[in-house]
Amino acid sequence: MSSATVLCQSSSCPHGNPPSRLECPTCNKLGIRGSFFCGQECFKGNCESITISICVEALKRHTFDRGKYDVNPGTARTSYGTYHPFANFDFTGTLRPVYPLSPKREVPEHIPRPDYATHEDGVPTTELKRAGQPPRLLNSEEIEKMKFACRLGREVLDIAAAMVRPGVTTDEIDAVVHQATIDRNAYPSPLNYRNFPKSLCTSINEIICHGIPDRRKLQEGDIINLDISLYYDGFHADLNATYPVGEIDEDSKKLIQTTRQCLDEAIKICKPGALFRDIGKVIEPIARANGCAVVRTYTGHGINDLFHTAPNIPHYAKNKAIGTMKPGMCFTIEPMINLGSHWDTHHWPDNWTATTVDGKRSAQFEETLLITETGVEVLTAGSTDL
């Protein structure tokens with residue numbers, strides 16, 4: 001699961017809208033994402049709460065505006081009892097959500113879980129408390145726990161991938177992933193993370209990332225990314241891959257191959273002393289040479305006992321990522337590659353689903369990596385990976 005870089009949302013920020021972590025608490029409680037500011041001055045001037053606890057400016061900015069988008073199920077209901085809830089939304093491609101979503105799946109009480117799992121607002125408070133700290137260097141015992149969690153993550157992804165075929169819904173995949181995860185006494189990391197409602201992300205065709213599993217059936221010719229994350233014995237694993245649904249067109253085949261190549265070549269430069277900013281320097285030329293663009297909004301991230309933490313891993317060239325790789329660091333590389341020249345994102349009103357701005361397809365691959373004394377180990381590697 002990727003990490004978003006959120007700039008200060010003030011329209012008159014005196015600091016040039018830098019990446020920001022101060023989130024409006026009222027917006028967060030309402031489920032409104034993206035209300036981040038670089039300091040109190042910008043926050044007070046741009047996100048004023050009123051007595052009914054609605055942040056006026058945030059609701060003006062945010063796409064989930066019930067006055068603008070029709071969320072009445074009856075207006076888009078099908079003969080099967082399903083509907084898509086954003087009938088008047090300006091979609092960039094042909095994909096549509098198919099609601100209602102299934103109820104939140106339960107996790108047995110005996111399974112340990114991260115802090116956000118039990119928070120009503122889903123906020124990862126430990127992540128926020130440790131924001132700004134340098135990347136953790138894991139000791140030998142912690143490394144073994146990371147390795148085991150990542151092996152479990154690979155098992156679950158392989159189980160999910162075996163379900164990919166026409167006629168299967170992404171909600172059915174979510175149910176299998178959820179069960180496979182708890183069968184391993186692990187917690188599905190996406191579930192309730194900032195109120196994400198499901199146990200994995202399923203991103204089809206023009207969806208770049210963070211697609212919510214629903215009742216849409218996979219169709220011949222689709223491509224789908226399955227993003228698996230789980231929490232076991234105090235540590236998270238994170239990996240994803242993009243798969244064809246039946247026979248796909250040549251552009252989609254090339255996109256998948258290019259995206260995997262971008263990740264594999266980036267992994268090859270990882271070793272002690274390598275610069276995090278050089279990862280994007282490897283990825284972007286490969287994407288461009290194949291007629292593709294690298295998404296800039298979402299990044300790779302550190303991962304250990306926290307789901308998302310330092311370091312930040314941009315996938316595009318000429319980025320300003322700081323830091324060098326050191327033995328004991330764990331992080332993800334997860335390039336999102338779009339067909340064509342547009343790297344920007346367009347978000348659905350569900351607060352999560354990010355799509356391409358032109359409706360063209362996007363693919364992604366992700367691995368969790370460990371920097372060793374002599375190089376790098378791919379902790380989530382499958383049988384055909386590095």
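In this predicted model, the lining of the second largest cavity contains 2 nonpolar, 3 polar and 2 charged residues. The residues that form this lining are R130, Q133, P134, R136, N304, T309 and A310. The space they enclose amounts to about 50 Å³. Rolling a probe the size of a water molecule over the atoms is what reveals where empty space is left. In total, 2 cavities of 30 Å³ or more were found. The largest cavity holds about 140 Å³ of space, and 17 residues line it. Nearest to the centre of the largest cavity lie P97, I207, I212, D214 and W348. Sorted by class, the lining of the largest cavity splits into 9 nonpolar, 4 polar and 4 charged residues.

One residue of the smaller lining, A310, leads on to the backbone. A310 is joined to P311 by a cis peptide bond, with omega at about 5 degrees. P311 belongs to strand β11, which covers residues 309-313. A cis peptide bond also joins Y99 and P100, again with omega at about 5 degrees. P100 is located in the loop between α3 (56-61) and α4 (125-129). For a reader new to backbone geometry, it helps to know that most peptide bonds are trans and that most residues other than glycine have a negative phi.

Which residues have a positive phi without being glycine? N192 is one of them, with a phi of about 75 degrees, and K318 is another, with a phi near 60 degrees. Both sit in loops, N192 between β4 and β5 and K318 between β11 and β12 (330-333). Their surroundings can be set side by side: N192 has 8% relative accessibility, so it counts as buried, whereas K318 has 82% and therefore counts as exposed.

The rings of the aromatic residues come next. The structure holds 9 aromatic pairs. In one of these, the ring centres of F148 and Y232 are 5.3 Å apart and the planes meet at 45 degrees, so the pair is tilted; the tilted class takes in angles that are neither under 30 degrees nor over 60. F148 is part of helix α5 (residues 140-161) and Y232 is part of strand β7 (residues 223-232), so this contact ties together parts of the chain that are 84 residues apart in sequence. Are these two residues buried, exposed or partly exposed? F148 has a relative accessible area of 35%, which means that F148 is partly exposed. Y232 is partly exposed as well, because its relative accessible area is 23%, and the cut-off for buried is under 20%.

Y193 and F307 make up another aromatic pair, this one edge-to-face, with 5.0 Å from centre to centre and 75 degrees between the planes. This pair also links distant parts of the chain: Y193 is in the loop between β4 (187-188) and β5 (201-204), F307 is in the loop between β10 (298-302) and β11 (309-313), and the two are 114 residues apart. Y193 and F307 are both buried. The loop that carries Y193 is also the place of N192, described above.

Aromatic residues take part in other arrangements too. Y83, F86 and Y99 come together in one aromatic cluster; Y99 has already appeared as the partner of P100 in a cis peptide bond. At W343, the neighbour of interest is a charge: the charged end of R296 sits over the ring, 5.3 Å from the ring centre.

How many disulfides does the structure contain? The count comes to 0. C262, for example, is in no disulfide: the nearest cysteine sulfur belongs to C292 and is 7.7 Å away, while a disulfide requires sulfur atoms within 2.5 Å. C262 has 0% relative accessibility and so counts as buried. C270, at 3% relative accessibility, likewise counts as buried.

A last look goes to strand β12, where F331 is found. F331 counts as buried because its relative accessibility is 0%. Along the sequence, F331 and N312 are separated by 19 residues, and in space their C-alpha atoms are 8.6 Å apart.

Conventions:
Residues numbered from 1 in each chain as written. Predicted model: local features only at pLDDT ≥ 70, side-chain atom pairs only at ≥ 80, totals over all residues. Heavy atoms only, no water. Phe/Tyr/Trp six-rings, centres within 6.5 Å; stacked < 30°, edge-to-face > 60°. Helix = DSSP H or I, 4+ residues; strand = E, 2+ residues; numbered from the N terminus. Buried < 20%, exposed > 50% of the residue type's maximum accessible area, 1.4 Å probe, protein only. Lys NZ or Arg CZ within 6 Å of the ring centre and 35° of its normal. 1 Å grid on protein atoms, 1.4 Å probe; cavity = no way out; pocket = protein on both sides within 12 Å on 5 of 7 lines; lining within 4 Å. Points joined across faces, edges and corners; volume = space filled by probe spheres on them. Nonpolar A, V, L, I, M, F, W, Y, C, P; charged D, E, K, R; others polar.
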